[in-house]
Amino acid sequence: RSIDGFYVGSTWPTFYTGVTPAKHGFHYLVQLKPGTYEFYRPADEGVVKWDPFWRHLSRAGRRVAILDVPLSHIDPSLNGMQMVEWGSHDAVYGFQATPPHVAETVHSHFGVHPAHSPCDGVRETSAEYQGFIDALIRGVRAKANLTKYFLTQGGWDFFIQVFTEAHCAGHQCWHLHDVHHPAHNPSVVSAIGDPLRTVYSVIDSAIGDVVSEAHDALVIVLVAHGMSYWYGANFLLRDILFRLGVTRPNADRVSVLSVLFEGSRSVWRSLPASIRGQLEPLHQWIARRSSGRETLPTLEADPRSSFCFPVNNGLAISGIRLNLAGREPQGILESGAVAQAFCDQLITDLLAIVDERTGNPLVQRVMATSELYDGEKLNHLPDLLVQWNDEVPTGSTIVSGGVGAKVKARSSKI
């Protein structure tokens with residue numbers, strides 16, 4: 001977990017800028033716009049507010065090739081070439097390339113990446129998982145050939161390629177790899193094998209093929225933050241803050257579609273798997289309209305009476321924003337000693353919550369972002385970071401009938 005508190009969203013931006021999230025300002029695909037209660041997509045403004053290192057190389061006259069680095073945007077000014085999202089987990093921009101002839105070459109020589117982008121989806125049968133893995137394998141091999149094609153053109157001072165297929169395999173198939181996961185399905189594994197080992201082995205071979213074309217170049221192989229099961233209860237944070245009385249709901253700002261999506265959850269879980277399969281397109285449409293690319297989320301807290309409110313930061317580590325007077329438009333929490341006392345009590349209350357599955361704390365630790373990082377974009381980040389206990393995996397309502405997807409929590413205050 002290379003970027004403490006922000007490894008879910010900030011690993012790649014921190015890698016390619018060389019600075020912390022408090023300086024480049026990015027921590028999630030949808031963030032709170034400082035000085036407002038409105039959310040926005042940083043990708044619409046170039047993702048980060050700091051120059052990637054390859055821009056400095058380019059300005060120094062170096063020739064660079066930047067291929068498929070996640071959460072990066074196209075820079076036509078580069079001395080060399082760049083392409084993004086030719087097969088990607090985070091489909092922020094869709095496939096783009098510069099100069100324009102690069103995109104034409106990719107389309108004519110290699111076509112569209114065999115796996116859909118984004119690669120998330122609902123799969124239940126062995127055939128569905130096998131089709132997904134086969135698409136990733138074809139994508140890895142095509143990406144290796146694509147990489148070698150451009151690499152052998154020569155004249156590069158810096159060349160980078162990212163095999164994002166590993167991330168896709170981990171997101172979709174970890175429960176098949178991990179025998180302790182509540183949704184582990186031995187029958188699927190017996191039919192198709194371990195999907196992660198299969199995809200990782202193909203990527204390993206692909207990297208070897210690429211390196212063989214690099215000759216005497218200095219080669220660095222980077223592995224990012226890794227993969228594991230989904231854990232914790234990020235989806236409960238809003239209700240926990242409501243019950244603690246530190247956040248008040250704002251019914252006027254909750255969209256009808258969001259209410260529809262929330263209300264459909266219990267009904268959805270109770271349906272037989274065969275029926276859910278038939279209704280999945282409608283379910284995904286509601287989900288996208290509620291929280292996806294088409295519609296930005298709204299603040300579901302009343303800023304006039306809330307001392308804090310949750311903000312997106314990923315599933316493993318949640319974010320909380322303090323509603324500070326003088327910083328937020330309708331802030332009510334005084335900064336300084338008052339805010340510190342509030343945070344101390346909130347942290348105590350969060351750490352007191354018990355996960356009834358284990359009898360142990362649901363929250364592992366709560367961190368103050370300002371104690372971890374310092375920078376001019378600190379106000380773009382959550383103030384508190386809630387790291388959930390990773391003792392046991394949490395299932396998903398859309399995998400293996402929702403087994404292990406329920407989390408029950410209690411404390412004297414909730």
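**Sheets, a covering helix and a disulfide**

In this predicted model, the cover over the buried residues of α9 includes β7, β8, α12 (337-351) and β12. The residues in question are Leu237, Ile240, Leu241 and Leu244. They take up an arc of only 95° around the axis, so they sit on the same side of α9. The helix itself spans residues 237-244 and lies across β7, β8 and β12, running at about 170° to β7. Right after α9 comes Gly245, with a positive phi near 80°.

The strands that α9 lies across, β7, β8 and β12, belong to an open sheet of 4 strands, in the order β7-β8-β12-β11 and with antiparallel pairing. At the edges stand β7 (308-311) and β11 (363-368); each has a single partner strand, so one side of each goes without a neighbour in the sheet. From one strand to the next, the twist averages 25°. Within this sheet, β8 (residues 317-322) and β12 (residues 384-388) run antiparallel and are joined by 4 bridges. Here Ile320 stands opposite Leu384 in β12.

Another open sheet has 3 strands, ordered β10-β9-β13, and again the pairing is antiparallel. Its edges are β10 (360-361) and β13 (409-410), each with a single partner strand, which leaves one side of each without a neighbour in the sheet. Strand β9 (residues 354-355) pairs with β10 over 2 bridges in the antiparallel sense. Across that pairing, Val354 stands opposite Pro361 in β10.

Turning to the cysteines, the structure holds 1 disulfide. Cys119 and Cys168 are the partners, with an S to S distance of 2.1 Å. Cys119 sits in the loop between α4 (100-109) and α5 (126-151), while Cys168 belongs to helix α6 (residues 165-177), so the pair ties together parts that are 49 residues apart in sequence. A disulfide is a covalent bond between the sulfur atoms of two cysteines. For Cys119 and Cys168, the torsion about the S-S bond is about -95°, so this disulfide is left-handed. Both ends are tucked away: Cys119 is buried, with a relative accessible area of 1%, and Cys168 also counts as buried, at 3% relative accessibility.

What keeps Cys173 from bonding to the closest cysteine sulfur? That sulfur, in Cys119, is 9.4 Å from the sulfur of Cys173, which is too far for a bond; the cut-off for a disulfide is 2.5 Å between cysteine sulfur atoms. Cys173 is buried as well, at 0% relative accessibility. Cys308 is likewise in no disulfide, and the nearest cysteine sulfur, that of Cys343, is 8.1 Å away. Like Cys173, which counts as buried, Cys308 is buried, with a relative accessible area of 0%. Cys308 also brings the account back to the 4-stranded sheet, since β7 covers residues 308-311 and is one of its edge strands.

Notes. Residues are numbered from 1 along each chain as its sequence is written. This is a predicted model: local features need pLDDT of at least 70, side-chain atom pairs count only at pLDDT 80 or more; totals for chains, interfaces and linings use all residues. Side-chain values use heavy atoms; hydrogens and water are left out. Two strands pair if DSSP finds at least two bridges between them. Axes are lines fitted to C-alpha atoms, for helices over the stretch in contact, and angles run from 0 to 180 degrees between N-to-C directions. Contact means heavy atoms within 4.5 Å. Buried means under 20% relative accessible area, exposed over 50%, partly exposed in between (1.4 Å probe, protein chains only). The arc is that of the directions from the helix axis to the C-beta atoms.
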